[in-house]
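Let's take a walk through this structure together. Have a look at it first, and then we'll go through some of its parts.

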Amino acid sequence: MHYSKNAFLATTLLALSSCGVKNSALQVIVTNTLNEDRSYETVSVDLDRLTTFNRRDTTTTIAVIQTKSKDTLMSQLVDEDGDGVADVVIFQPEIAAKSTNTYNLTSSYKKPDTSTTDPAVYSRFVPERTDDYAWENNKVAFRTYGPVAQKMIEDKIPGGTLSSGIDAWLKRVDYPIINKWYKKMTSGAGTYHEDTGEGLDNFHVGASRGIGGIAVKKDSTYYYSKNFTTWKTLTTGPLRTSFILEYEDWDANGTQITEQKKISLDYGSNFSKFEITITGADTVSAGLTLHSNTGKTSVNEENKWISYWEHIDDSDLGSALIIPQGLQATEKYLTPKQDESNLYAHINVENNKVIYYAGFGWKKSGQFTNEQEWLTFLNTTSEKLSNPLQVSFSK
């Protein structure tokens, strides 16, 4: 996950100095409080702390160097609010159990990107396949649906999709597949509904919540939005992709609901982070589709997750929601209506916000061989989310 360049820092500082660029290293202390080694977890540092770094200068970036080994870690500047200017720098340290590592953060010239391959962590709007929005990392891939797909359904045109649910693309390779699969489908060279060695899309969403779509419950009925209306990509790879989806205001039994989703996915994670901004509801219900309800649901209130383990075609799939703020309640909602049976986690809305993590693990990906391994993974992941790596700064 990181690469070593022992002379990197000295060379960079010399180059910056010779060009008259001011540079001052920020020492960041990262602490692992858990009794287990940590990796593939993202640390974020506000760029306001690097007072000499000009975040509007697109020729520079932030180098992250471990002080002991002198290794340079992969890092990424991230625009969190969509104003076109970086707000934070992120990196993924490897830290042993109950230990602390120190890193120097310093300005560095950005190496020109000459790669023709997609980053491992990636998202984009897909107009060539109606108007999906799709995202992926080295573990998982997802997509959801836009207004053209909705209008096709409303106008009775074949090929549309009416859903604000979240689709899962089951990949079993660590390289990017989104563009490759869409090109295969739209060019007529093949279909992503068949597995030719990389995985496939055999996860049916329909009107369900898929993996992480939301609803608002009024009395005994669940209400939810239609397709997203607008999108905005905030950042893509190498460590994080994030984007914002807006939805047309929708009705929940006489109450107007406004909804915005900010979704992010980091390298090495099976879970997308959902940050929902919502008005008109005190509680949001995030759901997992139960398909034909032939699988097994699990709820762990102590460890703050819900899960559904099911057999799809010739393999098994675990889907889950992790809610670090805790579960208000859960419901296994069963109905004869097609695609409307879901396992719901009810989450309190705080300051018009709800945050949770939604993801999956496919047996064919090689990560999990059975349901128990999946549930153990959920416990471990939830513990890490509830006890993130602690960041402090040297005075």
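Start with the second largest pocket, which has 32 residues in its lining, and Glu41, Thr42, Asp266, Tyr357 and Leu385 are the ones nearest its centre. Keep in mind as you look around that this is a predicted model. The pocket's volume comes to about 930 Å³. Several elements help to build the lining of this second largest pocket: β3 (43-46), β17 (240-247), β19 (255-266), β20 (271-279) and α4 (371-386) each put in at least two residues. The largest share comes from α4, with 5 residues. As for the chemistry of the lining of the second largest pocket, you'll find 11 nonpolar, 11 polar and 10 charged residues.

Now hop over to the largest pocket, which holds about 1,400 Å³ of space. Its lining takes in 41 residues, and those nearest the centre are Thr61, Ser75, Lys110, Lys111 and Pro238. Which element gives the most to the lining of the largest pocket? That's β4, with 5 residues. Besides β4 (60-66), the elements β5 (71-73), β6 (75-78), β8 (100-109) and β16 (228-235) each supply at least two lining residues. Sort the lining of the largest pocket by type and you get 19 nonpolar, 13 polar and 9 charged residues.

Next up is a sheet. Five strands make up an open sheet, running in the order β9-β10-β11-β12-β13 with antiparallel pairing. At its edges sit β9 (122-126) and β13 (199-200), each of which pairs on one side only. In general, strands of a sheet pair through backbone hydrogen bonds, in either a parallel or an antiparallel way. Here, β9 and β10 (residues 132-136) are joined in the antiparallel sense over 5 bridges. To spot this pairing, look for Phe125, which stands opposite Tyr133 in β10.

From the other edge strand, move on to Asp201, which is in the loop between β13 and β14 (211-218). Is Asp201 buried or exposed? It counts as buried because its relative accessible area is 5%, and the cut-off for buried is under 20%. What does its side chain do there? The side chains of Asp201 and Arg143 are joined by a polar contact of 2.9 Å. The side chain of Asp201 also reaches the backbone nitrogen of Phe203, at 3.5 Å. If you set aside neighbours within four places in sequence, Asp201 is in contact with Arg143, Asp167, Ala168, Trp169, Trp181, Tyr192 and His193.

Conventions
Residues numbered from 1 in each chain as written. Predicted model: local features only at pLDDT ≥ 70, side-chain atom pairs only at ≥ 80, totals over all residues. Heavy atoms only, no water. Pairing = 2+ DSSP bridges. Helix = DSSP H or I, 4+ residues; strand = E, 2+ residues; numbered from the N terminus. 1 Å grid on protein atoms, 1.4 Å probe; cavity = no way out; pocket = protein on both sides within 12 Å on 5 of 7 lines; lining within 4 Å. Points joined across faces, edges and corners; volume = space filled by probe spheres on them. Nonpolar A, V, L, I, M, F, W, Y, C, P; charged D, E, K, R; others polar. Buried < 20%, exposed > 50% of the residue type's maximum accessible area, 1.4 Å probe, protein only. Polar contact = N/O pair within 3.5 Å; in protein donor to acceptor, adjacent residues only side chain to side chain. Contact = heavy atoms within 4.5 Å.
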